[in-house]
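I opened a notebook page for this chain and set out to look up its fold, its core and the confidence behind both.

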Amino acid sequence: MISGLALMITGCTAVSWNDGPGLEPIPGSITYGGQPRSRLTKAPIGSSVSHQFTNEYGQRVEERYVIQPDRSLKLVWRRIYRDWLYD
């Protein structure tokens, strides 16, 4: 009974994700407020960088960036984990 309840509770977390054009940085994103001052000089162009943080609502956020030819980061994907109790 307890394992069934645990399974039911874990299935109650909503996940949303965004990708494609028009994806804007949010507070906590690496590129929020502009590109970082330090450049990734050793990473190959086109490689991806992952970043995880907690947003202002306490939700876990995962983002993925791609390193551009000028060594800037382009935000290409975001996933927000929303707890069903607070949505």
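I began with the secondary structure of this predicted model, and I found one helix and four strands in the chain. Reading along the sequence, I wrote the pattern down as α-β-β-β-β.

Next I looked up how the residues are covered, and I noted that 21% of the 87 residues count as buried. For the surface I recorded about 6300 Å² exposed by the chain, with carbon and sulfur atoms supplying 57% of that area. Turning to contacts between residues at least 6 apart in sequence, I found that 50% of them join residues at least 24 apart.

Which residues make up the largest nonpolar core? I listed five, namely L23, Y65, I67, L73 and L75, and I noted beside them that β3 (60-67) and β4 (73-83) each supply at least two residues of this core. As a general reminder, I added that nonpolar side chains tend to be buried together in soluble globular proteins.

I then followed one core member, L73, and looked up its partners beyond the neighbours within four places in sequence. L73 is in contact with Y65 and I67, with V66, and also with I30, T31, Q35, P36, L40 and V49.

Last, I checked the confidence of the prediction: the chain averages a pLDDT of 82, and 71% of the residues score at least 70. I marked residues 7-13 for caution, since the pLDDT over this stretch is below 50; beyond near neighbours in sequence, residues 7-13 have four contacts in the model.

Key: Residues are numbered from 1 along each chain as its sequence is written. This is a predicted model: local features need pLDDT of at least 70, side-chain atom pairs count only at pLDDT 80 or more; totals for chains, interfaces and linings use all residues. Side-chain values use heavy atoms; hydrogens and water are left out. Buried means under 20% relative accessible area, exposed over 50%, partly exposed in between (1.4 Å probe, protein chains only). Contact means heavy atoms within 4.5 Å. Accessible areas come from the Shrake-Rupley method with a 1.4 Å probe; for residues, only the protein chains shown count as cover. A nonpolar core is a set of buried Ala, Val, Leu, Ile, Met, Phe, Trp, Tyr and Cys residues joined through side-chain atoms within 4.5 Å. pLDDT is the predictor's confidence in each residue, from 0 to 100.
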